[in-house]
Amino acid sequence: MLLQQYRSLYRIRRVEEVIAAHYREQQMRCPVHLSIGQEAVAVGVCTQLHREDALFSGHRAHAHYLAKGGDLQALFAELYGKATGCCSGRGGSMHLIDLAVGFWGATPIVAGTVPLAVGVALAWQLQGRSGVSAVFIGDGAMEEGVVHESLNYAAQQQLAVLFICENNGYAVYTRLAGRQPPRQIHALAAAHGLTVAVADGNDVELVSQHSAAAVAAMRQGGGPQFLELTTHRWLEHCGPDDDDHLGYRQPGELAAWRERCPLALAAERLQVRDAVSEATLVQLRQQVEDEIAAALEAAQNAPEPDGCERLEHLYGE
Amino acid sequence: MASERQLSYAEALREAFVIALSRDPRVFLIGEGVPDPKGIFATTSGLAEQFGAQRVRDMPLSENGMTGICIGAALAGMRPVLMHQRLDFALLSLDQIINHAAKWRYMFAGRAHVPLVIRLIIGRGWGQGPQHAQALVALFAQIPGLKVVTPATPYDARALMLAAIADADPTIYIEHRWLHNIRDTVPEAVAIEPLQGGRVARQGQDITVVTYSYMLLEVHAAAAALAVAGVAVEVIDLRVIRPLDVALIVASVTKCGHLLVVDTGHGDFGVAAEVIAAVTIAAFTALQSAPARLGLPPHPCPTAPALSRDYYPDAAAVVTAIAQQLVLPQAVQQQALSLLQRGDHPHDTPYRGFNGPF
């Protein structure tokens, strides 16, 4: 399990680094919000979701999309504005979808997809379908009214919704303490009547364990669950660069989080605890590198959409 | 014909819900007060008892969240009909309507779509005031990805609700509280019609008057009075605001040569502005006079009777506007005005004996 999770962590990290490297060429002409540093949240949660379970996300969604199994070439192509993109070029980085793997949509209005996840759970309840509907939000989303409306209804209707709050401590440059009073985020969800848990979001095994418990409870009719997972974004809010020189973080804060790299934690555990050989990890990494290189090249060589296509898909037939 | 079945607008709308809930297991109704003792002005009365609380649902006072929840349910294969007792309440949900419902199909290039109906009611009378009487039809009609319908007759109340539920895209269904009690022929036989097109509500050749929703009643009264005075008004009921049936309007204006738009909402920046722009662009040379519009004044509706008395244009205002546009002789205008039966009921009620609820 951990080896597979490590592979997923490494794949997401490298995809984001490759995007950052190529972003400077100005061929990916859309805003990008990279997930470097936060990979374990995505991987730990998605490990516990089935392909048929629904997942929604927001503006920083590459990791969620990839962890759920979203097509890599379609992600790269979407960033390049290509016809083979997951939104056929309509969305760019901030709009991702891959229905084949249960990734129902990521869009960049903060908290905008939260009620949609609740609505999918409502539909499934009405249809007598089992399945979990999950949505990733950040700490900033907890300041949006629609999140509380969604928590209230999910609890009142006992819907199978998993809310995952990826608490990275910042909304753009503004610290949590500058936006919310000194109380725990998960306490808000508890007050709405949800079952809550809080854990270190950089430890993929911990995230996975808490997610497993939450998902198991929901599959047995246990009602909505809320996970608060603490982590940190290493790069700038929007764009490919390190922005620590701006000074909005506490001194030493980023360095401390880098010390707790989710990939390094997992790799160390694999080698020390599970006696996985360095050769195995080297081989795994090379497989990922090959996959990324091939997907990137395919996306770069893919055709652009025909300009006339912009008129399509406003309404159905 | 006496044998033709007469229904009120509210009864026809309720019948649409019965038909939809009976025929399509994907349909559910949801809104504040849907199963309550008043049943949204009796349009949902008894439906929870007939179809169950799962399909005829109350909801918390969370307009934006519940809109998103209905979008999610629609994405997962349901056909929700979300309703608000006042259009004004839906303004809390513009994020979900505009950023999500209206965009979902387009931004994902058709990979998913949102078959959702949002039912809104324009309030009027008994001091509804600044936040319970807004007729913001154009606000929704401006958004690509939405469809907007404004049924003005019992027949269309049923037909357009069924069309909206059958439609694959998000539809804003806008009623007017003063239409709920009007009665007209609604045949028992039901055909699901496509969600498109206006209709010629009255034929004439002297002037085209385009209107929608409640103002159709006032325009009809004005046209009947002018007919006695020798002026033949062609009345177009838009029915569907987006997509706008420009061809129907242009054909009428080409015949009549004059255009007046009577808007149920504000006169400026509204539906009338769009209709006049579309006709002027498409058929400038057919116009023998400058197009004109009549709508609500450019300020919120005040509450006090003394302040709201002159807020709403009526049939007399329509007659006056037509007389000005066609430069009718004073005697013709006076004859038409004298025929209008305003009645002696207070100006803030739709007719004598109406005691609410508003």
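**Asking how the labels are earned**

Me: What makes strand β2 (residues 27-31) of chain B largely enclosed by the rest of the structure?

Reply: It's down to burial: 5 of the 5 residues of β2(B) are buried, so the strand is largely enclosed by the rest of the structure. A residue is buried if 20 or more other C-beta atoms, placed from the backbone, lie within 10 Å of its own; 12 or fewer makes it exposed, and anything in between is partly exposed. B:Val27, B:Leu29 and B:Gly31 point one way from β2(B), while B:Phe28 and B:Ile30 point the other way. As for the names, helices (H or I, at least four residues) and strands (E, at least two) are DSSP runs, numbered from the N terminus.

Me: Before we go on, what kind of model is this?

Reply: This is a predicted model, where local features need pLDDT of at least 70 and side-chain atom pairs count only at pLDDT 80 or more, while totals for chains, interfaces and linings use all residues. Residues are numbered from 1 along each chain as its sequence is written, and chains are lettered from A and ligands numbered from 1 in the order in which they are written.

Me: How do you know that β2(B) and strand β4 (residues 79-84) of chain B pair?

Reply: Two strands pair if DSSP finds at least two bridges between them. Here 5 bridges join β2(B) to β4(B), and the two run parallel, so the definition is met. One bridge sets B:Phe28 against B:Pro80 in β4(B). β2(B) also runs parallel to β3(B), joined by 2 bridges, with B:Ile30 standing opposite B:Arg57.

Me: Why are β3 (56-57) and β12 (240-242) of chain B called edge strands?

Reply: Each of them pairs on one side only. The open sheet has 7 strands in the order β3-β2-β4-β5-β7-β6-β12 (chain B), with mixed pairing. At the β12(B) end, β6(B) and β12(B) pair in the antiparallel sense over 2 bridges, and B:Val149 has B:Val240 as its bridge partner.

Me: Over to chain A: how do you know whether A:Val196 is buried or exposed?

Reply: Count its neighbours: A:Val196 has 22 C-beta neighbours inside 10 Å, so it counts as buried. A:Val196 lies in strand β8 of chain A. Leaving aside neighbours within four places in sequence, A:Val196 is in contact (C-beta atoms, placed from the backbone, within 7 Å) with A:His186, A:Ala189, A:Ala190 and A:Phe226. The C-alpha atoms of A:Val196 and A:Leu227 are separated by 5.8 Å, although these residues are 31 apart along the chain.

Me: What handedness does the crossover from β8(A) to β9(A) have?

Reply: The strands first: β8 (residues 195-200) and β9 (residues 225-230) of chain A pair in the parallel sense over 6 bridges, and A:Val198 stands opposite A:Glu228. The chain crosses from β8(A) through helix α8 (residues 204-219) of chain A to β9(A), and this β-α-β crossover is right-handed. That label applies if, with the strands pointing away from the viewer, the path from the first strand over the helix to the second runs clockwise.

Me: What makes helix α4 (residues 72-79) of chain A largely enclosed?

Reply: 8 of the 8 residues of α4(A) are buried, so the helix is largely enclosed by the rest of the structure. These buried residues, A:Leu72 and A:Phe76 among them, pack against α1 (2-23), α3 (62-67), β2 (96-98) and α11 (278-301) of chain A. A:Gly81 follows α4(A), with a positive phi near 70 degrees.

Me: How does the reach of helix α6 (residues 145-157) of chain A compare with what is expected?

Reply: The expected span is 1.5 Å times one less than the number of residues. α6(A) has 13 residues and reaches 18 Å from its first C-alpha to its last, close to the 18 Å expected. After α6(A) comes A:Gln158, whose phi is positive, near 55 degrees.

Me: Why does the largest nonpolar core lie between domain 1 and domain 2 of chain B?

Reply: A nonpolar core is a set of buried Ala, Val, Leu, Ile, Met, Phe, Trp, Tyr and Cys residues joined through C-beta atoms within 7 Å. The largest one has 205 residues, and A:Ala117 and B:Ile322 have the most contacts inside it. Domain 1 (6-185) and domain 2 (199-339) of chain B both give residues to this core, so it lies between them. Those bounds come from an automatic or database domain assignment. The C-alpha centres of the two domains lie 27 Å apart, and their contact takes 23 residues from domain 1 and 21 residues from domain 2.

Note on methods. Two residues are in contact if their C-beta atoms, placed from the backbone, lie within 7 Å.
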